[in-house]
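Colleague: I've got a new model open and I'd like some help reading it. Could we go through it together?

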Amino acid sequence: MFTAGPPGRTGNRGKPGPKGKAGAIGKAGPRGPKGVSGAPGKHGTPGRKGPKGKKGEPGLPGPCSCGSGQARSAFSVAVTKSYPRERLPIKFDKILMNEGGHYNTSSGKFICSVPGIYYFTYDITLANKHLAIGLVHNGQYRIRTFDANTGNHDVASGSTILALKQGDEVWLQIFYSEQNGLFYDPYWTDSLFTGFLIYADQEGPNEV
């Protein structure tokens, strides 16, 4: 009868066996968290210009600029004394309006600064005498008016249109010494001389 001997020593490791066949594809795992954003890429080249679009609807009206940039010249003046000296410019020394400062109260003359077409008018109160008054342009009478005094106060008036050049002068004056009835009363009557630019010459200075 035989008896078992003691276990022997572990043998050397053998060589790896051949690779086995691939197993079946497993199910997708859960989606991982979003990663950190990467750096911006470079700008691409510009694309081609697209076709022209359709015409849009008209916009709202813009702000009004009426009158801007237009030449201006206008005055209206009154006297403060009766019976001025004859054959000299009447000095209308009370300014009601003097747009542009072209009427000179010291000389009694309107001096044209904006060449163009002007309108002039006057309304003169007379008393005690007849009145012979004229509108003068550069030393020449353009209009003359005569009003006979009948014992009451009256008003003489006249008006005209003149084409003026730069530097031209216009004024009023009494042309007969015995017919100087221009009258002023601070409480109830005035004598007025008025003029204004109707339109400026195109080649004239564009003063505003």
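Modeller: Sure, we'll take the overall fold, then a few contacts, the surface and some backbone angles. Keep in mind that this is a predicted model.

Colleague: Let's begin with secondary structure. How many helices and strands does the protein chain have?

Modeller: The protein chain has 0 helices and 10 strands. Written out along the sequence, the pattern is β-β-β-β-β-β-β-β-β-β.

Colleague: And is the protein chain spread out or a compact globule?

Modeller: For that, you set the radius of gyration against what a rule for globules gives. Here the radius of gyration is 52 Å, well over the 17 Å that the globule rule gives for 208 residues, so the protein chain is more spread out than a compact globule. You can also look at the box: along the principal axes, the C-alpha atoms fill roughly 185 × 40 × 30 Å.

Colleague: What share of the residues is buried?

Modeller: Of the 208 residues, 31% count as buried. The accessible surface of the chain comes to about 15,700 Å², and 53% of that belongs to carbon and sulfur atoms.

Colleague: What about contacts between parts that are far apart in sequence? How much do residues 24 or more positions apart account for?

Modeller: Take the contacts in the protein chain with a separation of 6 or more: residues 24 or more positions apart account for 72% of them.

Colleague: Can you show me one residue with contacts like that? Which residues is Ser-76 in contact with, beyond its neighbours in sequence?

Modeller: Leaving aside neighbours within four places in sequence, Ser-76 is in contact with Lys-94, Ile-95, Leu-96, Met-97, Phe-193 and Thr-194. With Thr-194 there is also a polar contact of 3.0 Å between the two side chains. Ser-76 sits in strand 1, and because its relative accessibility is 15%, Ser-76 counts as buried.

Colleague: Now salt bridges. Which residues form one, and how far apart are the closest N and O atoms?

Modeller: The count comes to 1 salt bridge. Lys-109 pairs with Glu-169, and their closest N and O atoms are 3.2 Å apart. Lys-109 is in strand 4 (residues 109–111) and Glu-169 in strand 8 (residues 169–174), so the pair ties together parts that are 60 residues apart in sequence. Glu-169 counts as partly exposed, because its relative accessibility is 25%.

Colleague: Moving to the surface, which residues make the nonpolar patch?

Modeller: Ile-161, Phe-196, Ile-198 and Tyr-199 make it, with an area of about 400 Å². Strand 10 (residues 192–200) gives the most to this patch, with 3 residues. Ile-161 comes from strand 7 (residues 154–164).

Colleague: Why does Ile-161 count as exposed?

Modeller: Exposed means over 50% relative accessible area. Ile-161 has 51%, so Ile-161 counts as exposed.

Colleague: Last topic: backbone angles. What sign does phi have in most residues other than glycine?

Modeller: Most residues other than glycine have a negative phi. That gives you something to look for in this chain. Tyr-83 has a positive phi, near 55°, and Asn-138 has a positive phi as well, near 50°.

Colleague: Where do I find Tyr-83 and Asn-138?

Modeller: Tyr-83 lies in the loop between strand 1 (74–78) and strand 2 (94–99). For Asn-138, look at the loop between strand 5 (116–137) and strand 6 (140–147). Tyr-83 counts as partly exposed, at 32% relative accessibility. Asn-138 is partly exposed too, with a relative accessible area of 39%.

Key
Residues are numbered from 1 along each chain as its sequence is written. This is a predicted model: local features need pLDDT of at least 70, side-chain atom pairs count only at pLDDT 80 or more; totals for chains, interfaces and linings use all residues. Side-chain values use heavy atoms; hydrogens and water are left out. Patches are made of residues with over 30% relative accessible area and no salt bridge: like charges are joined within 9 Å, nonpolar side chains (Val, Leu, Ile, Met, Phe, Trp, Tyr) within 5 Å. Accessible areas come from the Shrake-Rupley method with a 1.4 Å probe; for residues, only the protein chains shown count as cover. A salt bridge is a side-chain nitrogen of Lys or Arg within 4 Å of a carboxyl oxygen of Asp or Glu. Helices (H or I, at least four residues) and strands (E, at least two) are DSSP runs, numbered from the N terminus. Buried means under 20% relative accessible area, exposed over 50%, partly exposed in between (1.4 Å probe, protein chains only). The radius of gyration is taken over C-alpha atoms; the globule rule is 2.2 Å times the number of residues to the power 0.38. Contact means heavy atoms within 4.5 Å. A polar contact is a pair of N or O atoms within 3.5 Å; within protein, one must be able to donate a hydrogen and the other to accept it, and residues adjacent in sequence count only if both atoms are side-chain atoms.
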